[in-house]
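User: I would like to go through this model with you and ask, for each label, what it rests on. Please set the values against the cut-offs where a conclusion depends on them.

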Amino acid sequence: PPEVLLQIFMFVRKAYPLSFERDDVSTFRALGWINIIHVCHAWRTLAIRTPNLRTEVEPSPNRERIDGMLARARDMSLTFCYNFGLPRHFHLADTHARIEEFFSTRSESIGDIVLDSNSLEDLEDFMDMYFENSMPNLRMLTLGSQPPHPLDPPEYWSFSLSEIMPALRYLELRNVYLEWDCIAPFSMLSSLEIVHHTDNPD
């Protein structure tokens, strides 16, 4: 049945994400889960008619591929993901214009943001740079950073987010600490998860 097949497609999408890097040497790896639509005409038709298969976006200099994904996503709620720690063939500075354009033109379509950083400084710089426009439909926000040294005290942020994310319902903080005054204004928040790991040298 199509419903079961779509669930399988969603699992495959998670396991084999697209590579948005322009110079990826392996076409098979670059296409990721898209390879499944080459199996037969019926699978291809079903995948093309399912816009929520193409709602996850990550920074990339490959404008053509991302524009194609966004076009097929239509009006679906988008998920923006970026892991600062993954090895890449491009620098974040190379995609600054694309990220800025995405947040300025698609702010009302963003429903989920997942950011994983090597350091709190990188995470804070990213948010200072791009979290300017209101994201009225953002429901989920995940902020992650590398574990601190066990002897280092937690560093608390005073980052005001409630004004640009008024509808936020789920907030997950991994080794990121916000002052309570920054969390309290979220009137619709229904889930707050705070995860703390320490970098154990042993």
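User: Which order do the strands of the open sheet have, and is the pairing parallel or antiparallel?

Analyst: This is a predicted model, and in it an open sheet of 6 strands runs in the order E1-E2-E3-E4-E6-E8, with parallel pairing. The secondary structure of the protein as a whole comes to 7 helices and 8 strands.

User: What makes E1 and E8 the edge strands?

Analyst: Strand E1 (56-57) and strand E8 (191-195) each pair on one side only, and that is what the label expresses. On its paired side, E1 is joined to strand E2 (residues 78-83) in the parallel sense over 2 bridges; since two strands count as paired if there are at least two bridges between them, the 2 bridges of E1 and E2 satisfy the criterion. Within this pairing, Val 57 has Phe 80 of E2 as its bridge partner. Helix H5 (residues 96-105) packs on the sheet, where it touches E1, E2 and E3, and its direction makes about 150° with that of E2.

User: Why is strand E4 described as largely enclosed?

Analyst: Strand E4 (residues 140-145) has 6 residues, of which 5 are buried, so the strand is largely enclosed by the rest of the structure. Strand E3 (residues 110-117) pairs with E4 in the parallel sense over 6 bridges, and Ser 117 stands opposite Ser 145 in E4. Between these two strands the chain passes through helix H6 (residues 120-130), in a β-α-β crossover that is right-handed. E4 also pairs with strand E6 (residues 170-174), again in the parallel sense, over 5 bridges, and here Met 140 stands opposite Tyr 170 in E6.

User: Why is Thr 79 called buried, and which residues does it touch?

Analyst: Thr 79, which is found in strand E2, has a relative accessible area of 15%; because buried means under 20%, the residue falls into that class. Leaving aside residues up to four places away in sequence, Thr 79 touches Thr 55, Glu 56, Val 57 and Asp 112.

User: Why does Ala 71 count as exposed, and how far is its C-alpha atom from that of Thr 55?

Analyst: Ala 71 lies in helix H4 (residues 63-73) and has a relative accessibility of 56%; as exposed means over 50%, the label follows for Ala 71. The C-alpha atoms of Ala 71 and Thr 55 are separated by 9.9 Å, while the two residues are 16 residues apart along the chain.

User: How many disulfides are there, and why do Cys 81 and Cys 182 get their accessibility labels?

Analyst: A search of the whole structure finds 0 disulfides, so no pair of cysteine sulfur atoms lies within the required 2.5 Å. Cys 81, with a relative accessible area of 23%, is partly exposed, because this value lies between the 20% and 50% limits. Cys 182, by contrast, has a relative accessible area of 7% and is therefore buried, the limit being under 20%.

User: What share of the residues counts as buried, and what share of the contacts comes from residues 24 or more positions apart?

Analyst: Of the 202 residues of the protein, 40% count as buried. Among contacts with a separation of 6 or more, 64% are accounted for by residues 24 or more positions apart. The accessible surface comes to about 11,600 Å², and 52% of this belongs to carbon and sulfur atoms.

Note on methods:
Residues numbered from 1 in each chain as written. Predicted model: local features only at pLDDT ≥ 70, side-chain atom pairs only at ≥ 80, totals over all residues. Heavy atoms only, no water. Helix = DSSP H or I, 4+ residues; strand = E, 2+ residues; numbered from the N terminus. Buried < 20%, exposed > 50% of the residue type's maximum accessible area, 1.4 Å probe, protein only. Contact = heavy atoms within 4.5 Å. Areas by Shrake-Rupley, 256 points an atom, 1.4 Å probe, with all protein chains shown as cover. Right-handed = clockwise from strand over helix to strand, strands pointing away. Axes fitted to C-alpha atoms, helices over the stretch in contact; angles between N-to-C directions.
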